[in-house]
Amino acid sequence: VAIVEDMTPLRDQTFYSRGKVGDAVLFYPKAQIAILYDPRLDRVVSMAALEDNDTSLPVDTTNAVNSSP
């Protein structure tokens, strides 16, 4: 799980285009997907495929998300 902390570097990336600060990025390696989830609205905002069981973020998010243990 990662929490979006800064939308500025993410705004031009399709996966995060409708996201906002506080959204959670959920990883499902067996299903090979990542989900951007809005906990305030209890809704899925976006989904993306992960490649080769990769559990990293689906796009470059340097300094924009905070990964939780």
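**Exercise 1. Find which residues Met7 is in contact with, leaving aside its neighbours within four places in sequence.**

Solution. Start with the term: contact means heavy atoms within 4.5 Å. Now list the partners. Met7 is in contact with Tyr16, Gly19, Lys20 and Val21, once neighbours within four places in sequence are left aside.

Note the ground rules. This is a predicted model, where local features need pLDDT of at least 70, side-chain atom pairs count only at pLDDT 80 or more, and totals for chains, interfaces and linings use all residues. Residues are numbered from 1 along each chain as its sequence is written, and side-chain values use heavy atoms, with hydrogens and water left out.

**Exercise 2. List the residues of the largest nonpolar core, then name the strands that each supply at least two of them.**

Solution. Step one is the term. A nonpolar core is a set of buried Ala, Val, Leu, Ile, Met, Phe, Trp, Tyr and Cys residues joined through side-chain atoms within 4.5 Å. Buried means under 20% relative accessible area, exposed means over 50%, and partly exposed lies in between (1.4 Å probe, protein chains only).

Step two is the list. The largest core has 12 residues: Ala2, Val4, Met7, Leu10, Phe15, Tyr16, Val25, Ala34, Leu36, Val45, Ala48 and Leu50. Step three is the strands. At least two residues of this core come from each of β1 (2-4), β3 (33-38) and β4 (43-49). Strands (E, at least two residues) are DSSP runs, numbered from the N terminus.

**Exercise 3. Work out how β3 is joined to β2 and to β4.**

Solution. Two strands pair if DSSP finds at least two bridges between them. Take β2 (residues 24-28) beforehand: 5 bridges join β2 to β3, and the two run antiparallel. Val25 has Leu36 as its bridge partner in β3. Now take β4: 6 bridges join β3 to β4, again antiparallel. Ala34 stands opposite Ala48 in β4.

Next, the turns. The hairpin of β2 and β3 has 4 residues between the strands. Gln32 lies in that loop. Phi of Gln32 is near 60°, a positive value in a residue other than glycine. Gln32 is partly exposed, at 33% relative accessibility. The hairpin of β3 and β4 has 4 residues between its strands. Asp42 lies in the loop there. Asp42 has a positive phi of about 55° although it is not a glycine. Asp42 counts as exposed, at 57% relative accessibility.

**Exercise 4. Decide how the rings of Phe15 and Tyr16 are arranged.**

Solution. Rings of Phe, Tyr and Trp (its six-membered ring) pair if their centres lie within 6.5 Å; planes under 30 degrees apart count as stacked, over 60 as edge-to-face and the rest as tilted. The whole structure holds 1 aromatic pair. The ring centres of Phe15 and Tyr16 are 4.7 Å apart and the planes are at 85°, so the pair is edge-to-face. Phe15 is buried, at 6% relative accessible area. Tyr16 is buried too, at 0%.

**Exercise 5. Is Ser46 buried or exposed, and what does its side chain reach?**

Solution. Place the residue: Ser46 is found in strand β4. Ser46 counts as buried because its relative accessibility is 15%. Its side chain reaches the backbone oxygen of Phe15 at 3.0 Å. Not counting residues up to four places away in sequence, Ser46 touches Thr14, Phe15, Ala34, Ile35 and Leu36.

Notes
Polar contact = N/O pair within 3.5 Å; in protein donor to acceptor, adjacent residues only side chain to side chain.
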